[in-house]
Amino acid sequence: MDTVIETKGLTKRYGRTDVYALRDVDVRVRRGDIFGVVGDNGAGKTTLFKLLCGLAFPTAGELRLFDAYAPHDLERQRARVGAIIEQPGFYPSLSVEKNLECCRIQKGVPGKDAVERVLDVVGLAYAKGFRCRELSMGMKQRLGLAMALLGEPEVLILDEPTNGLDPSGIVEMRTFLQRLNREKGITVVVSSHHLAELEQLATVYAFLSRGRLVEQVSARALQERCADCIDIGVSDPAGFTVLLERELRHERYQVLPDGIVRIFDPSTGIETYSGLASGAGMDIYKLERRKTSLEQYYLEMKDKGAA
Ligand SMILES: Nc1ncnc2c1ncn2[C@@H]1O[C@H](COP(=O)(O)OP(=O)(O)OP(=O)(O)O)[C@@H](O)[C@H]1O
């Protein structure tokens, strides 16, 4: 799998302020990824996207797109990237079709039929004559996507594309992005505050906090970390693990540094494990079933001061 975006030590400070919007950020996006960027307000998500799209320039560090890094090569490679950063700008009194035509000319995309094609792809062909000021939020998001898709980009960068959408609009957006990724092989880089939603979409995550990358992790690795488990704290952890293996034939466990026994993939109810301990006369001071969601993972990371 080849790398489409790579940053090394990417740093951005706006103007003469001391505030670093991004600091020493190393991320790597591979072709075919759905790369979810997660972070609180002000974490630096939009800044990262702006740097990728050439809407702002780094204070320090390196940025590669399709392996190009020299400024004029980067500019050429940006034709292979489509983006919606913050609110896409429309001409409110022009029709959907005219807006797309302006965007096509601005981007230098050849062939008038390009507009028809993207209208079909985003399902807005029926509304091509509507003035932009008449569009619902969901339709505006689709129009933004249509603009980003003009020129058939290989990478799509979307800053909070589900902002302002109702629940069905959010599901529709997710399905649409998954289809683009699966059928057209488009790499998607997306930020969102809807973590439960992002969890169903992203294949890789980057967690940003106050301008720093806390972690880049694949969805698969995160899933393993968040897998279903039971944490049990007993007065005799070693004795308990012997019982676990002997009585329940359960070998998938780990004794954590604080003595808590973490039982992975529990095959039976939580009472069986507590019953095992109490039956052997052990005191139980903690008993908890855990299946961490992305949301919980993120909040725990923040609690520990990482994010
Ligand atoms: N043009 C600018 N001039 C000065 N500071 C800026 C500018 N744009 C962003 N910042 C600052 O950079 C930091 C990162 O902002 P950024 O917009 O990248 O965060 P974000 O993660 O996208 O936030 P949100 O989730 O609210 O959209 C913030 O402290 C913000 O105040």
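**A colleague's note on the fold**

1. Let's start with the six-stranded sheet. It is an open sheet with mixed pairing, and its strands follow the order S5-S6-S7-S3-S8-S9. Strand S5 (81-84) and strand S9 (212-218) stand at the edges; each has a single partner strand, so one side of each is left without a neighbour in the sheet. From one strand to the next, the twist averages 15 degrees. Please keep in mind as you read that this is a predicted model.

2. Next, the helices on this sheet. Helix H1 (residues 45-53) packs on it and touches S3, S5, S6, S7 and strand S8 (204-209). The direction of H1 makes about 145 degrees with that of S6. Helix H5 (residues 137-149) lies across S5 and S6, and runs at about 155 degrees to S5.

3. Strand S7 deserves a look of its own. This strand covers residues 187-191 and is mostly covered, with five of its five residues buried. Thr187, Val189 and Ser191 point one way from S7, while Val188 and Val190 point the other way. Residues on both sides of the strand are buried, then, and they include Ser191 as well as Val190.

4. What does S7 pair with? On one hand there is strand S3 (residues 34-38), which pairs with S7 in the parallel sense over four bridges. Within that pairing, Phe35 has Val189 as its bridge partner in S7, and Val37 stands opposite Ser191. On the other hand there is strand S6 (residues 155-159), which runs parallel to S7 and is joined to it by five bridges. Here the bridge partner of Val155 is Thr187. If you would like a reminder of the background, strands of a sheet pair through backbone hydrogen bonds, either parallel or antiparallel.

5. The model has another open sheet, this one of four strands with antiparallel pairing, in the order S11-S12-S10-S13. Its edge strands are strand S11 (253-255) and strand S13 (284-290), each of which pairs on one side only. The twist in this sheet averages 15 degrees from one strand to the next. For a place to zoom in, try S11 and strand S12 (residues 261-264), which pair in the antiparallel sense over three bridges. Gln254 stands opposite Arg262 of S12 there.

6. Two helices pack on the four-stranded sheet. Helix H9 (residues 237-248) touches strand S10 (229-234), S11 and S12, and its direction makes about 20 degrees with that of S12. Helix H10 (residues 270-279) touches S10, S12 and S13, with its direction at about 160 degrees to that of S13.

7. Towards the start of the chain you will find a hairpin. Strand S1 (residues 3-13) and strand S2 (residues 20-30) pair in the antiparallel sense, with seven bridges between them. Glu6 stands opposite Arg28 in S2. Six residues lie between the two strands of the hairpin, and Gly15 takes a positive phi near 55 degrees.

8. One polar residue is worth a click: is Asn99 buried or exposed? Asn99 lies in helix H3 (residues 96-107). Its relative accessibility is 2%, and because the cut-off for buried is under 20%, Asn99 counts as buried. Leaving aside residues up to four places away in sequence, Asn99 touches Phe90, Tyr91, Leu94, Cys132 and Met147.

9. Finally, the chain as a whole. Its secondary structure comes to 11 helices and 13 strands. The C-alpha trace spans about 80 × 45 × 35 Å along its principal axes. Of the 307 residues, 47% count as buried. Among contacts with a separation of 6 or more, residues 24 or more positions apart account for 67%.

10. A last word on surface and charge. The chain exposes about 15,700 Å², of which carbon and sulfur atoms supply 49%. There are 42 positive and 43 negative charges, and the mean positions of the two groups are 6 Å apart.

Conventions. Residues numbered from 1 in each chain as written. Predicted model: local features only at pLDDT ≥ 70, side-chain atom pairs only at ≥ 80, totals over all residues. Heavy atoms only, no water. Buried < 20%, exposed > 50% of the residue type's maximum accessible area, 1.4 Å probe, protein only. Contact = heavy atoms within 4.5 Å. Areas by Shrake-Rupley, 256 points an atom, 1.4 Å probe, with all protein chains shown as cover. Lys, Arg positive; Asp, Glu negative; His and termini not counted. Charge placed at Lys NZ, Arg CZ, Asp CG, Glu CD. Pairing = 2+ DSSP bridges. Axes fitted to C-alpha atoms, helices over the stretch in contact; angles between N-to-C directions.
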